[in-house]
Amino acid sequence: MRLRASFLFACLSFASAAPVFRGKNSARHAGAHAMTDMSQDRNASLPPLQAIADDVIYDRRAFRRAAKARVPPRPARRRILVDNGAWLNDTQARTLIVDGCSGSAYLMGLSRRLLSAHGIRSHAVGKGGSNKEELSRRMKGYLSRAEQEEIEELDMSDVSSALRISMSASQRHAESLLFETRARLESWEPSFEAMSSLFKRNVKCALVLRRNLLDWNICRVRDCLEADRIGVPVDAQGDRNEACLSRRIDPSKSTWALLEPKALVQKMSEDARERARLVKQLGEAELVREVLYTEDLLSFEQSSGGLGLSTESWMRLLKSWGLEPSKGIVEGVLSSEPLHGKLPEPSPHSQLIHNVEEVGSVLREHGLENYLRSP
């Protein structure tokens, strides 16, 4: 009986010391503020860290498992809480304008943690900003029955109307709707004019691209997203590799890119023109003022150090979302990420491109050698 009373007293003492969060989902959201510790996982069969980190944008889950197996557990990370323990009444919708192979899933998760640390609750719908069916699936249980039915009755291409309904629901829940929008003008449905009009009135935007166009195209080939237009994914022996997207979660599936150099150069030129057109139209529509880059936002993960660059980049992103971010909070969240300072420098392209000498020669002929990483 005495032991039971002591245990009850300890529990009550802990509860009284914990910060109080207001809101109907306060317990769930308060837990989102605490960053979980790295637990020990001794698995001798994991592949080398460098091999896992070749595609630093996508192999994070595999790298995290490897890091746990090789790095001693760190002390418990501090909880990053809003000063008064209360959520802000911020229902502003926000979007990342980003393309595939740019780390969008990880950036969205990190964005939520940074918003949460600044006292803003959010409801993330991922790629729902560019796909009505995905948006409807992500909002199921969050919308009222009438709102759900209204979205389902919309035309497949009417993403802007579906977003408008979803924003109304998030305001009712006192949360910020957070979503991705494809960084390709032709994917804005039903039209760029309709989407940009909606965004200008209701959404804060941030444009994030991958700076190295060669890395971006290599990733798309390895993920089987280019339909063999500029190359094919192969294994170390040069044989066709059909791992595609599964390679992201299974680092044992070694995937290289066998590229067609001339088609690659043409594609990179088209990509550069499309990006310039995107930035110009977004600027003219007064949706974005600058371009942010994945490499800068994630440089805090590099073992060579990059926390300062990432902190500055995230500060700029959060400002574009209408916040007055705290440098201390941003730096604290980034330094609490499991991969902070753990990733090696990106591998030279000789470890990613199967025919790197042929590709390098053609890139140099067209003045694109600055994209190529040498050993």
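A residue is called exposed when its relative accessible area is over 50%, buried when that area is under 20%, and partly exposed in between. The exercises below use these terms for a predicted model.

**Exercise 1. Determine which residues of helix H9 are buried and which are exposed, and how the buried ones are arranged around the axis.**

Step 1. Helix H9 spans residues 192-202, and its buried residues are Phe-192, Met-195, Ser-196, Leu-198 and Phe-199.

Step 2. Viewed down the axis of H9, these buried residues fall within an arc of 160°, so they line one face of the helix. The spacing fits a general rule: an α-helix has 3.6 residues a turn, so residues three or four places apart point the same way.

Step 3. Glu-193, Lys-200 and Arg-201 are exposed, and they lie on the other side of H9.

Step 4. The cover over the buried residues of H9 includes strands E1, E3 and E4 together with helix H8 (159-172) and helix H11 (261-284).

**Exercise 2. Describe the surroundings of strand E1, beginning with its burial and going on to the strands that it is joined to.**

Step 1. E1 is mostly covered, since six of its six residues are buried.

Step 2. Ala-93, Thr-95 and Ile-97 point one way from the strand while Arg-94, Leu-96 and Val-98 point the other way, and all of them are buried.

Step 3. E1 is joined by five bridges to strand E4 (residues 203-209), and the two run parallel; within this pairing, Ile-97 has Leu-207 of E4 as its bridge partner.

Step 4. Five bridges also join E1 to strand E3 (residues 176-182), again in parallel, and here the bridge partner of Thr-95 is Phe-179.

**Exercise 3. Find the disulfides, and state for each one which parts of the chain it links and whether its cysteines are buried or exposed.**

Step 1. A pair of cysteine sulfur atoms counts as a disulfide when they lie within 2.5 Å, and by this rule there are two disulfides.

Step 2. One disulfide is formed by Cys-101 and Cys-219, whose sulfur atoms are 2.2 Å apart. Cys-101 lies in the loop between strand E1 (93-98) and helix H5 (104-117), whereas Cys-219 belongs to helix H10 (residues 213-222), so the pair ties together parts that are 118 residues apart in sequence. The link is left-handed, with -80° about the S-S bond, and both Cys-101 and Cys-219 are buried.

Step 3. Another disulfide joins Cys-224 to Cys-244, with 2.0 Å from S to S. This pair links distant parts of the chain, 20 residues apart, with Cys-224 in the loop between H10 and strand E5 (231-234) and Cys-244 in the loop between E5 and strand E6 (256-259). The torsion about its S-S bond is about -80°, so this disulfide is left-handed.

Step 4. Cys-224 has a relative accessible area of 29% and is therefore partly exposed, while Cys-244, at 16%, is buried.

Step 5. When the bonded cysteines are numbered in sequence order, the pairing reads 1-2, 3-4.

**Exercise 4. Summarise the protein chain as a whole by its helices and strands, its burial, its contacts and its exposed area.**

Step 1. The protein chain contains 15 helices and seven strands, and 51% of its 375 residues count as buried.

Step 2. Among contacts between residues at least 6 apart in sequence, 76% join residues at least 24 apart.

Step 3. The protein chain exposes about 18200 Å², of which carbon and sulfur atoms supply 52%.

Methods: Residues numbered from 1 in each chain as written. Predicted model: local features only at pLDDT ≥ 70, side-chain atom pairs only at ≥ 80, totals over all residues. Heavy atoms only, no water. Helix = DSSP H or I, 4+ residues; strand = E, 2+ residues; numbered from the N terminus. Buried < 20%, exposed > 50% of the residue type's maximum accessible area, 1.4 Å probe, protein only. Pairing = 2+ DSSP bridges. Contact = heavy atoms within 4.5 Å. Areas by Shrake-Rupley, 256 points an atom, 1.4 Å probe, with all protein chains shown as cover. Arc of directions from axis to C-beta.
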